[in-house]
Amino acid sequence: MANVLVFSETNNGNVKPVTLEILGKLTGQSIDVAVIGDLADDQVKVLAEYGAGKVHKLNGANLEKYSPEGYANALHGFISGGSYDYVMTGATSLAKDMVPRLATKFDAGMASDCVNFLFEGDTFQGTRPLFAGKCLAKVSLQGPKPHFITVRPNALGMPESPTAGAGTASDASVEAGEIRAAIKEIIASASEKVDLTEANIIISGGRAMKNPENFSILSEMADVIGATVGASRAAVDSGYAAPSMQVGQTGKTVSPSLYIACGISGAIQHLAGMRTSKVIVAINTDPDAPIFTKADYGIVGDLYKIVPIMTEEFKKILA
Ligand SMILES: Cc1cc2nc3c(=O)[nH]c(=O)nc-3n(C[C@H](O)[C@H](O)[C@H](O)COP(=O)(O)OP(=O)(O)OC[C@H]3O[C@@H](n4cnc5c(N)ncnc54)[C@H](O)[C@@H]3O)c2cc1C
């Protein structure tokens, strides 16, 4: 049995869903969870139900706002006082920024952006995409412990029935240490929608959207089916969509249950960010568009005709 610490980020006081995905896959291991800051009792209960034994709430000066140095120092201090074999967390923007720095402090190995993993005894084996998702590598980790692992949100899926457990919560005092690069402000996105990386359904538009206003037909469908709107880089570079909406190699990596690509050709750099989606639907006027080679369902046609029809049909079905 491995001793695992899962670091959980929070969003508006709630633990991020990827934490629960990881916990669900860790059944049989000894699991602690660490959060920075306070966590309400109901969230501690959720973590316990998904298998967390102890929930550690790490508090200290200069940790109110995220900073890569402060968080890495605080976690380094806390982890050093334990005997963890593995430290796991979601492969979020924050983790991509902070966890390599933390692993370096331990001179430890790291497997990033895993889309699956298992433990044989206390030995970790992970699967992670390489070369823009063209192949999947099996990874194991060697050298001093703890080893660090990040897991792509939505890749594992939510455990079906969490087992009720009786976890305990405790406070730990940690130090942020010297922070040379302070983050002054984090501006929340204007959209109320779930962040692309955590969205269960994404509808993305490409260069064929032609202008920012036309994205409203995607937003309309997104409102009906509870999706988040994404974009190709061509749409972003053309000023049709915000950079935060970009999916792909130089944008966000997503793994939703359903990805609907509208007027997107399917360049390798776009596929790199969305090819692990469970079901891919492509709408494109060009029957030879590469996106169709990756799509589970393809519709050859004009998105300006098809998207409104789909929206109306979804409205009827979901009414
Ligand atoms: C280093 C590097 C990094 C990159 N990173 C990214 C990245 O992160 N994300 C990304 O997306 N790209 C990225 N790119 C760019 C990528 O190579 C493509 O240029 C880009 O993905 C193309 O976007 P697109 O599919 O929207 O546009 P296009 O390739 O121009 O495709 C538009 C598609 O719309 C179809 N179409 C036109 N009109 C309609 C209509 N009315 N209805 C339906 N379909 C229609 C066309 O048939 C065509 O297939 C990167 C490139 C490089 C070199």
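Start with the two domains of this predicted model. Select residues 3-173 for domain 1 and residues 196-318 for domain 2, following the domain assignment of the chain. The C-alpha centres of domain 1 and domain 2 are 30 Å apart. Where the two touch, domain 1 supplies ten residues and domain 2 supplies twelve. On the domain 1 side of this contact, six residues are nonpolar, three are polar and one is charged.

Next, the sheet. Select strands 14, 13, 15, 16 and 17, in that order: these five strands form an open sheet, and their pairing is parallel. Which strands stand at the edges? They are strand 14 (228-231) and strand 17 (297-300). Each has a single partner strand, so one side of each is left without a neighbour in the sheet. From one strand to the next, the twist averages 15 degrees.

Now show strand 13 (residues 201-205) together with strand 15 (residues 258-262). The two pair in the parallel sense over five bridges. Within this pair, select I203 and look across to strand 15, where I260 stands opposite. Then add helix 5 (residues 215-225), which packs on the sheet and touches strand 13, strand 14 and strand 15. The direction of helix 5 makes about 170 degrees with that of strand 13.

Turn to the ligand and display the residues around it. There are 28 of these, and G206, S232, R233, A234 and G248 come nearest. To see which elements give two or more residues to this shell, colour helix 6 (233-237), helix 7 (268-274), strand 16 (279-284) and helix 9 (303-318). How many residues of the shell are nonpolar, polar and charged? The shell divides into ten nonpolar, 14 polar and four charged residues.

The last stop is R128. Select strand 9 (residues 123-130), in which R128 lies. Is R128 buried or exposed? The number of C-beta neighbours inside 10 Å decides the class: R128 has 22 of them, and 20 or more make a residue buried, so R128 counts as buried.

Keep R128 selected and add A111. These two residues are 17 residues apart along the chain, and their C-alpha atoms are separated by 7.9 Å. Which residues does R128 contact, leaving aside its neighbours within four places in sequence? One group to select is A111, S112, D113, C114 and V115; A137 and V139 are in contact with R128 as well.

Notes: Residues are numbered from 1 along each chain as its sequence is written. This is a predicted model: local features need pLDDT of at least 70, side-chain atom pairs count only at pLDDT 80 or more; totals for chains, interfaces and linings use all residues. Helices (H or I, at least four residues) and strands (E, at least two) are DSSP runs, numbered from the N terminus. A residue is buried if 20 or more other C-beta atoms lie within 10 Å of its own, exposed if 12 or fewer, and partly exposed in between; C-beta atoms are placed from the backbone. Two residues are in contact if their C-beta atoms, placed from the backbone, lie within 7 Å. A residue is near a molecule or strand if its C-beta atom, placed from the backbone, lies within 6 Å of it. Ala, Val, Leu, Ile, Met, Phe, Trp, Tyr, Cys and Pro count as nonpolar, Asp, Glu, Lys and Arg as charged, and the others, Gly among them, as polar. Two strands pair if DSSP finds at least two bridges between them. Axes are lines fitted to C-alpha atoms, for helices over the stretch in contact, and angles run from 0 to 180 degrees between N-to-C directions. Domain bounds come from an automatic or database domain assignment.
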